[in-house]
Number of protein chains: 2
Amino acid sequence: MKDQNAPRCDTTVIHGDIVAEVRENMPPEEQLFNLAEFFKVFGDTTRIRILYTLFQSEMCVCDIAHLLDMSQSAISHQLRVLKNAKLVKFRKKGRVVYYSLDDDHVKAIFDQGYQHILES
Amino acid sequence: MKDQNAPRCDTTVIHGDIVAEVRENMPPEEQLFNLAEFFKVFGDTTRIRILYTLFQSEMCVCDIAHLLDMSQSAISHQLRVLKNAKLVKFRKKGRVVYYSLDDDHVKAIFDQGYQHILES
DNA sequence: TGAACACATGAACAGATATTCATATATTAA
DNA sequence: TTAATATATGAATATCTGTTCATGTGTTCA
């Protein structure tokens, strides 16, 4: 996706000293990648809505689908994304699968995000 | 994108009482949408990397491009996204445009996100 | 056992998005 | 003014993503 041979700025770096120092202190690429992947999960209204329902109560797939007025399949697909991100866990009881939150940071992150929205 | 007439679950709601109560306490749709839009900004490695450079120092577009080994145009496009999200601000000095952070929550949000990654 | 049901999942498709490329704008300096 | 340079931006394109549709899996119950 990224062309490493693409032309950069026409000239040399403008502030070489700053660039060098900042580069020195950048976190590892893998960490930045993982962080982006993590936040990508929150970048979808359906998943945000699912998480907000689970803030209130453990719930089964069918209930979530009804509540959000979406198909069972769509919800199931998104629950898989949330599950892969370790944000929700589930327990089975007969045919019914109950999902619930599996993270303590989500609410805090949402609150911070909401603060930003309020202020901007 | 969403078909409101799509078939839902085959049967009626399973736990009608819970669904009704949770629906009652859901935040407004607009708020959930805005939250998703906000987190979408963090869901890209390039933007995450830009923000991490700006955690350290105010920097001009050309320097960021060199530092991240990407084209000036790509960085400029992404800076516009960050600007629209009210996450960065800028000041002009001659031809050079210096970008810097314009939000207090970002670092806290990133730290929470990083905590999640560490624990999972 | 077989029908009904809750949920999962793969394929397909439509819409969104990130980068590139070409070019425009604005400022500086000769 | 003209050339050079820093940045911005519109269009095109390739890739990614979310939903639907069809179907598969596993459980319950008659």
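Here are a few notes on this predicted model, starting with how its two chains meet.

1. **How the copies relate.** Lay chain A on chain B and you get an RMSD of 0.0 Å, using a turn of 180° and a shift of 0.0 Å along the axis. The two copies are therefore related as by a two-fold rotation axis.

2. **The contact between them.** Chain A puts 58 residues into the contact, and chain B puts in 58 residues. On the side of chain A that touches chain B, the elements giving two or more residues are helices H1 (16-24), H2 (29-40), H3 (45-56), H4 (61-68) and H6 (105-119), along with strand E1 (59-60), of chain A. The largest share there is the 10 residues from H6(A). By type, this side of chain A splits into 31 nonpolar, 18 polar and nine charged residues. The copies meet through the same surface, because 98% of the interface residues of chain A are also interface residues in chain B.

3. **A helix worth a look: H4(B).** Helix H4 of chain B covers residues 61-68, and seven of its eight residues are buried, so this helix is largely enclosed by the rest of the structure. The buried ones are Cys62(B), Asp63(B), Ile64(B), Ala65(B), His66(B), Leu67(B) and Leu68(B). What covers them? From chain B, the cover includes helix H3 (45-56), strand E1 (59-60) and helix H5 (72-84), and H1 of chain A is part of it too. Right after H4(B) comes Asp69(B), with a positive phi near 55°.

4. **The sheet in chain B.** Three strands make an open sheet in the order E1-E3-E2 (chain B), paired antiparallel. E1 and strand E2 (88-93) of chain B sit at the edges with a single partner strand each, so one side of each has no neighbour in the sheet. Between E2(B) and strand E3 (residues 96-101) of chain B there are six bridges, and these two strands run antiparallel. To pick out one pair, Lys93(B) has Val96(B) in E3(B) as its bridge partner. Helix H3(B) packs on this sheet and touches E1, E2 and E3 of chain B, its direction making about 90° with that of E3(B).

5. **One residue in chain A: Gln72(A).** You'll find Gln72(A) in helix H5 (residues 72-84) of chain A. Is Gln72(A) buried, exposed or partly exposed? Gln72(A) counts as partly exposed, because 17 C-beta neighbours lie inside 10 Å, while a buried residue needs 20 or more. The C-alpha atoms of Gln72(A) and Ile18(A) are 52 Å apart, and the two residues are separated by 54 residues along the chain.

Note on methods:
Residues are numbered from 1 along each chain as its sequence is written. Chains are lettered from A and ligands numbered from 1 in the order in which they are written. This is a predicted model: local features need pLDDT of at least 70, side-chain atom pairs count only at pLDDT 80 or more; totals for chains, interfaces and linings use all residues. Helices (H or I, at least four residues) and strands (E, at least two) are DSSP runs, numbered from the N terminus. A residue is buried if 20 or more other C-beta atoms lie within 10 Å of its own, exposed if 12 or fewer, and partly exposed in between; C-beta atoms are placed from the backbone. Two residues are in contact if their C-beta atoms, placed from the backbone, lie within 7 Å. Ala, Val, Leu, Ile, Met, Phe, Trp, Tyr, Cys and Pro count as nonpolar, Asp, Glu, Lys and Arg as charged, and the others, Gly among them, as polar. Copies are superposed by least squares on the C-alpha atoms of residues with pLDDT of at least 70 in both. Two strands pair if DSSP finds at least two bridges between them. Axes are lines fitted to C-alpha atoms, for helices over the stretch in contact, and angles run from 0 to 180 degrees between N-to-C directions.
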